[in-house]
Amino acid sequence: MSDTEPTSHTFQVDLRGLVDLLSHHLYSSPKVYVRELLQNAVDAVTARRSLDPEFDVALADAPAPVRIVTDGSRLRITDPGVGLTLQEVHKLLATIGGSSKRDEEIEGARRDFLGQFGIGLLACFTVASVITVTSRSAKTPDAPVVRWTARDDGSYTVTEVPVAEHPEPGTTVELAARPGEGWLRAEKVVELAREYGSLLPVDVTVSDGAAPIAVTDTPPPWEREHPSPTARRLALNAYCEQVLGFPPLDVIDLDVPLSGLKGLAFVLPHATSPSARPAHRVHLKRMLLTDTADNLVPEWAFFVRCVVDTDSLRPTASRESLYDDEALAVARDAVGAQIREWISRLAAEDPTRLEAFLAVHELGVKALARHDLDLLASMLPWLRFETTAGHTSLPDFARAYQPIYLADSVDEYRQVAQIAAAQGIGVVNGGYTYDAELVQALPRLDPQVKVEALQPGVISASLDAVDTADELALQRFLSAARARLDAVDVDVVVRAFSPVSVPALLLDDREARRERQRAEAEADADDLWGGILASIKQHAPRAQLVLNHRNPTVRRVGAIGDPELAGTAVESLYGQALLMSRRPLRSADTALLNRSFMNLLEHITKE
């Protein structure tokens, strides 16, 4: 095989295709062109500040450094920044991916610059057909004024122009709007400039030829001085309503020096779902990056909405979201820690505000407390759980009941709550989100507390046995009742318990329910699947219908001599207990309820 001399080639860039890529894939909307223009202008001013220490003094007595003028068809943005030489125009404006921010002479100050990708100016082609850049360099004062004109067909020209056309160092960018588009209208530009640049450290104005409109409003809200804490709180509340659209329940200051992040977390005034998509407002070096960030805070902190500024977290290529890397993970943990500290501080210093917060966001606190035993210990006296002693705190409940029984589901709890309360058995409803995990964590905080899973035997063992003579007298009735309920796999027993108003109690456990579900699936399955289900059959205990011998209705039913009518009465008691337990009705249960109802109607109409 002979060696061949490699030849060098350059990529050919289709600018039309690149503009389409930017407008439809990289950027979410053409509106980002305003951000890119502001970004270039602010970076140019920042670069000149690093070049000339006296520059800020000169700016103090001048109009707004960055000025935008538009008439709807043409937009012009002017800045007194570092400017460009002829060589820099060819290198930076006509080279895809070029960026002055990469120059070695300012690399050390890179944290001060907004842009890092060198493609921002191309975003303007999403709204303009022609871009003109006229610039005079501050680094090389004797360099000529240069004008670069680019069209969306990929062509550009570079010319030198008289100094009189641009007597001061800086840059003017002019856009000629695409036909039929309204992105350059003055009211639209003001709206977008305020959206992206309201916190910029450089003053910006927009004008349609009349009086200029100020865009910037600095310093950021979290850095402003106020005469009192109350005045600051009122000002931050007003800012939250203006920017996020709600009056906050409280405000949390955020400060993460490692990530150069400062800002505010506003506590939502209403409950929200943990699965709701958050929308945090993130600024990068004072320029709005996104108002829909969903990866800034831990998932458990779904009850806050943040407005922050950072100078070191990494943006994505489109600069419309944060890059989810290790640096963001560290910042997210730090933000979460500060929200957690705020909750702990409320618990220690301001119980009234804590109760107001928990009345709305108890679920969020429970979500956090699962993973933080220290926070759980401090918050347990304030968190409320549904128990057989009412809605109460776990420490209070543990002092009154030992052991604590944990119901697996809401239905399981409701099935036994009334009887357990009357029998003095302490049961906690573990069917709500996070509650079971928190109850199970209680022994880690207090080893003397015992938590056990609720089983039907716990309840049945607490019920009083019926006198032997009475039970013998009921044997015929019980035989008829068991035969009638055998079809739904339920046994019948008689006990004496309180409250007297409850005629019957249906006791069931998870193993029995799973076995019934397996049997139902086996009955409906084909031969192959039915055989598989049959092979995993278990001998689980049957559900029990416990009749209350103290209830007058049960006593009268037990005295019925007609076996058929007694069976119908037992079916009715089973139906009532089934509905009280709020268990899902199986087809066999539905058929039994319908049959007992019709039989009772038939018996009544016969008489």
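**Exercise 1. The open sheet**

Task: In this predicted model, work out which order the five strands of the open sheet have, and which strands stand at its edges.

Solution: Begin with the order, which reads β9-β10-β13-β11-β12 in an open sheet with mixed pairing. Next, look at the two ends of that order: β9 (250-256) and β12 (287-293) each have a single partner strand, so one side of each is left without a neighbour in the sheet. Finally, follow the sheet from one strand to the next, where the twist averages 15 degrees.

**Exercise 2. Two pairings inside the sheet**

Task: Find in which sense β10 pairs with β13, and over how many bridges, and then do likewise for β11 and β12.

Solution: Strand β10 (residues 261-267) pairs with strand β13 (residues 304-310) in the antiparallel sense, over seven bridges, and in this pairing F266 stands opposite R305 in β13. Turning to β11 and β12, the sense is antiparallel and there are four bridges, with H283 standing opposite L288 in β12. These two strands form a hairpin with two residues between them, and K285 in the turn has a positive phi of about 55 degrees.

**Exercise 3. The surroundings of β12**

Task: Decide whether β12 is mostly covered or mostly open, and name the helix that touches β12.

Solution: Count the buried residues, which are five of the seven in β12, and conclude that the strand is mostly covered. Then consider helix α6 (residues 186-197), which packs on the sheet and touches both β11 (280-284) and β12, its direction making about 85 degrees with that of β12.

**Exercise 4. Two packed helices**

Task: Describe how α20 and α21 are placed relative to each other, using the distance and the angle between their axes.

Solution: Two packed helices are described by the angle between their axes and the distance between the axes. For helix α20 (residues 563-581) and helix α21 (residues 587-606), the axes come within 9 Å and cross at roughly 130 degrees. An angle over 115 but not over 145 counts as oblique, and therefore α20 and α21 are oblique to each other. Their crossing is left-handed. Residues that meet across it include L565, Y574 and L578 in α20, and L592, L593 and L600 in α21; by class, the contact has six nonpolar, six polar and three charged residues.

**Exercise 5. One residue of α20**

Task: Determine whether A569 is buried or exposed.

Solution: A569 is found in helix α20. Its relative accessible area is 12%, and because buried means under 20%, A569 is buried. Leaving aside neighbours within four places in sequence, A569 is in contact with V557 and I560. The C-alpha atoms of A569 and F597, which lie 28 residues apart along the chain, are separated by 9.4 Å.

Notes: Residues are numbered from 1 along each chain as its sequence is written. This is a predicted model: local features need pLDDT of at least 70, side-chain atom pairs count only at pLDDT 80 or more; totals for chains, interfaces and linings use all residues. Side-chain values use heavy atoms; hydrogens and water are left out. Two strands pair if DSSP finds at least two bridges between them. Axes are lines fitted to C-alpha atoms, for helices over the stretch in contact, and angles run from 0 to 180 degrees between N-to-C directions. Contact means heavy atoms within 4.5 Å. Angles under 35 degrees count as roughly parallel, over 145 as roughly antiparallel, 65 to 115 as roughly perpendicular and the rest as oblique. A crossing is left-handed if the near helix is turned anticlockwise from the far one by less than a right angle, and right-handed if clockwise. Ala, Val, Leu, Ile, Met, Phe, Trp, Tyr, Cys and Pro count as nonpolar, Asp, Glu, Lys and Arg as charged, and the others, Gly among them, as polar. Buried means under 20% relative accessible area, exposed over 50%, partly exposed in between (1.4 Å probe, protein chains only).
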